[in-house]
Amino acid sequence: MYQPFWRDARARLKRRDYAKVLATVGGLTALGSLVAPVSGLTQVFDRKYKGPVYSDGVALVDADGQPISEGRLSPGEQLTVFPEPRPGIEDAPTLLVRFEEDAYGGEIKSEFTVGGYAAFSKVCTHAGCMVADRDGDVLVCPCHSGRFDPTSGASVVGGPPPRRLPQLPITLTGDGTLVATGDFDGPIGPGGE
Ligand code: FES
């Protein structure tokens, strides 16, 4: 029987290593973008698995494999989360943000939000870098300064990204933890227009 991720020390270590790799590659990529023209260096996400990564009831977990409780973030904060791993599912860094509920508007799918939380793919739709920076409420991709407004469905508000970050439908379970109710509402990363 498949054991929950947070009870498996080896899997936990693997997840931490994965997060470190993402952070390291993201930093190197940002540095590379300063000294080299746009190239393959900016392509930091290569998703091999093509099927759905979230489905109804899949828990969102942090880099240590811990589920996300309702009070984890305060309005204005964000956290990188992942789908609770199952065999074959590895790469789906997800940005969880929280704002006051009345801050949302525009292109947000409010039925995909819960308690002020919204979740988006962290993979930039331009060249696949991690959207790791923040400027006020705006999410910023460090590679070419792509800017996304999370309160408006992560719509593009600056830079070269051709489309918004896909939004993940989420809800709270009876025990107060965040789970998906389906998969992202669009393709992850570059392409898929
Ligand atoms: S990869 Fe170019 S703006 Fe994000």
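This briefing covers the fold, the sheets, the nonpolar core and one exposed glycine of the protein chain. The model is a predicted one. Its secondary structure comprises one helix and 11 strands, and along the sequence the helix comes before the strands, in the pattern α-β-β-β-β-β-β-β-β-β-β-β. The protein chain has 193 residues, of which 37% count as buried. Where contacts link residues at least 6 apart in sequence, 56% of them join residues at least 24 apart.

**Five-stranded sheet**

- One open sheet contains five strands in the order β1-β2-β3-β4-β9, and their pairing is antiparallel.
- The edges of this sheet are taken by β1 and β9 (167–168), each of which has a single partner strand, so one side of each is left without a neighbour in the sheet.
- The antiparallel pairing of β1 with β2 extends over two bridges, and Val 61 stands opposite Phe 82 in β2.

**Four-stranded sheet**

- A further open sheet is built from four strands in the order β5-β6-β7-β8, again with antiparallel pairing.
- Its edge positions belong to β5 (133–135) and β8 (155–158), and because each has a single partner strand, one side of each is left without a neighbour in the sheet.
- From one strand to the next, the twist in this four-stranded sheet averages 40°.
- Strand β5 runs antiparallel to β6 (residues 138–140) and is joined to that strand by three bridges, with Asp 133 having Val 140 in β6 as its bridge partner.

**Nonpolar core**

- The largest nonpolar core consists of 40 residues, and those with the most contacts inside it are Leu 60, Leu 96, Ala 119, Val 131, Leu 168 and Ile 170.
- At least two residues of this core are supplied by each of β1 (60–61), β2 (78–83), β3 (94–98), β4 (117–121) and β11 (178–180), and β4 gives the most, with four residues.
- Leaving aside neighbours within four places in sequence, Leu 96 is in contact with Leu 60, Ile 68, Leu 73, Gln 78, Leu 79, Val 81, Tyr 117 and Ala 119.

**Gly 191**

- Gly 191 belongs to the segment after β11, and this residue counts as exposed because it has 9 C-beta neighbours inside 10 Å, where the cut-off for exposed is 12 or fewer.
- Although Gly 191 and Ala 127 are 64 residues apart along the chain, their C-alpha atoms are separated by 8.8 Å.

Conventions: Residues numbered from 1 in each chain as written. Predicted model: local features only at pLDDT ≥ 70, side-chain atom pairs only at ≥ 80, totals over all residues. Buried ≥ 20, exposed ≤ 12 C-beta atoms within 10 Å, placed from the backbone. Contact = placed C-beta atoms within 7 Å. Core = buried A, V, L, I, M, F, W, Y, C linked by C-beta atoms within 7 Å. Pairing = 2+ DSSP bridges. Axes fitted to C-alpha atoms, helices over the stretch in contact; angles between N-to-C directions.
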